[in-house]
Each structure stands twice: as structure tokens, then as C-alpha cells.
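Welcome! Open the structure beside this page and work through the exercises below, one step at a time.

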Amino acid sequence: MLDAMGVMYRARDDVAELLAPFVQRHRPSIPASEVTARYTEASLGRMDADAFWRSLGLSPGVEDDYLSAHRLTDGVLDFLALARDSGIDVWCLSNDVSRWSIKLRERFGLDGLFSGFVISGDIGHRKPSPAAYRCLLDRLGTTPQLFVDDRPRNVAAARNLGIPSVCFGPGCGETDCVADFAELARSRRSMWSRRD
């Protein structure tokens, strides 16, 4: 089970790194705190993507320009292909606006590499809320082998529910962490090969 921002996608904090600067290029008077507050509402499904942009005085037509700034993390496609070829189901649990998640998955061709997606904008809960993880567990019907997230608090919340977890990325500050997808693949390969 993978997180999206900071794991599948390079931006660890997409709001601070990408969204707030994008909005402020169009509307310099809007503080980053307001962008964050509106984004949180949208990522909980309390407003749709069109309403989000309009709440900041922007046309929804700017959305694709904003989304074009996202980049995949190096090695993610190889990792997902390895998991698929090993017969491993990979799910995504992410805090995101529903439509943005769909558009990014389509842009990068990710749908066929995942067994499913549980997105905060669809379920009304954001990590690290236990309810977000329980939604995923309900869909899976079992405990996943591993949860990978770049935020220690999300990793801790998963562990509290009995989900084996690692922190992703250099300098994550966790004792159980992986620096990149190559290291993650090495750490999982022995388990995957035992499934054959």
C-alpha cells in the first residue's frame, strides 16, 4: 500500500511546494494558509474541485496547468511493474482531491498498475485519522503486508492499527525506513519470491 505525495509523486508537500505557489502566481494577495485551508476542505470531499478553484477567485480551467507540475518519483513505475509481475496487489491510500487524483493517475498511466485507490476526497477522512486506514482495510478485507508513507505520523497511525509500515525517503527520521524505490524493492523481493 503506497501513499501518493512524497512516495509515488516527488512533491512531499504538494500544497506548500506546488499548490500555494501556483495560486499565488495568479492571486498574490491570497495567503498560503488560506490555500491550505481550502485544500483541506476539498481533500475531505466537502467541496468539489471546481468549487475549490472558484473559492480562491480562479477559474477551474487552471487546474490542468497546476497538475502538470507533478512528477513521478524515480523508480516508481519499475517497482509497480515488479509488484504486478510478482502477483502482488498494490493499493494507494492518499490525502487528495478526488478529481486531481484521477487526472494524475490517467496522465501517468497508473490505473493498470494498482488494484485500487482510497482517496480522502472520496471517503471524507484524511490520514492520519484511523478512519482513513479503516476504509482501506474494509476494502481489502485483510491487513496489507506493508504501508509506505513519507510522513512519520502517518506511518505511526498505520502501525497503531497493526499495519506493518515503513517511512519513505531520505532523512525521514524513522528507524524503519527506505530511501527510494530500489531499496524498497530489495527489501520486499524475498517476500514476493516466497509467494511463487
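Keep in mind that this is a predicted model.

**Exercise 1. The enclosed space**

Find out how many cavities of 30 Å³ or more the whole structure holds, and work out which elements and residues line the largest cavity.

Solution.

Step 1. Begin with the idea behind the search: rolling a probe the size of a water molecule over the atoms shows where empty space is left.

Step 2. Count the hits. The search of the whole structure turns up one cavity of 30 Å³ or more. The largest cavity holds about 50 Å³ of space.

Step 3. List the walls. The lining consists of Ala4, Met8, Tyr9, Cys92, Ser94, Asp96, Ser101, Leu104, Arg105, Phe117 and Ile119.

Step 4. Match the lining to the elements. At least two lining residues come from each of strand E1 (91-94), helix H6 (98-108) and strand E2 (116-119). With three residues, H6 gives the most.

Step 5. Sort the lining by character. It divides into seven nonpolar, two polar and two charged residues.

**Exercise 2. The sheet and its helix**

Work out the order of the strands in the three-stranded open sheet, then describe how helix H9 packs on the sheet.

Solution.

Step 1. Write down the order. The strands run E3-E4-E5, and their pairing is parallel.

Step 2. Find the edges. Strand E3 (147-149) and strand E5 (177-178) are the edge strands, as each pairs on one side only.

Step 3. Look at one pairing in detail. Strand E4 (residues 165-168) joins E5 in the parallel sense over two bridges. In one of the bridges between them, Cys167 has Cys177 of E5 as its partner.

Step 4. Add the helix. Helix H9 (residues 152-160) packs on the sheet and touches E3 and E4. The direction of H9 makes about 175° with that of E4.

**Exercise 3. An open pocket**

Describe the second largest pocket: what is its volume, and which class of residue, nonpolar, polar or charged, has the highest count in its lining?

Solution.

Step 1. Start with the volume, which is about 280 Å³.

Step 2. Look at the lining. It has 18 residues, and those nearest the centre of the pocket are Asp14, Asn95, Arg126, Arg151 and Arg153.

Step 3. Name the contributing elements. Helix H1 (14-26), helix H2 (32-43) and H9 each supply at least two lining residues. H2 gives the most, with three residues.

Step 4. Compare the classes. The lining has three nonpolar, five polar and 10 charged residues, and the charged class therefore has the highest count.

How values were computed: Residues are numbered from 1 along each chain as its sequence is written. This is a predicted model: local features need pLDDT of at least 70, side-chain atom pairs count only at pLDDT 80 or more; totals for chains, interfaces and linings use all residues. Side-chain values use heavy atoms; hydrogens and water are left out. On a 1 Å grid over the protein atoms alone, a cavity is a set of points where a 1.4 Å probe fits but cannot get out, and a pocket is an open set with protein on both sides within 12 Å along at least five of seven lines; lining residues have an atom within 4 Å of a point. Grid points are joined across faces, edges and corners, and a volume is the space filled by probe spheres set on the points. Helices (H or I, at least four residues) and strands (E, at least two) are DSSP runs, numbered from the N terminus. Two strands pair if DSSP finds at least two bridges between them. Contact means heavy atoms within 4.5 Å. Axes are lines fitted to C-alpha atoms, for helices over the stretch in contact, and angles run from 0 to 180 degrees between N-to-C directions.
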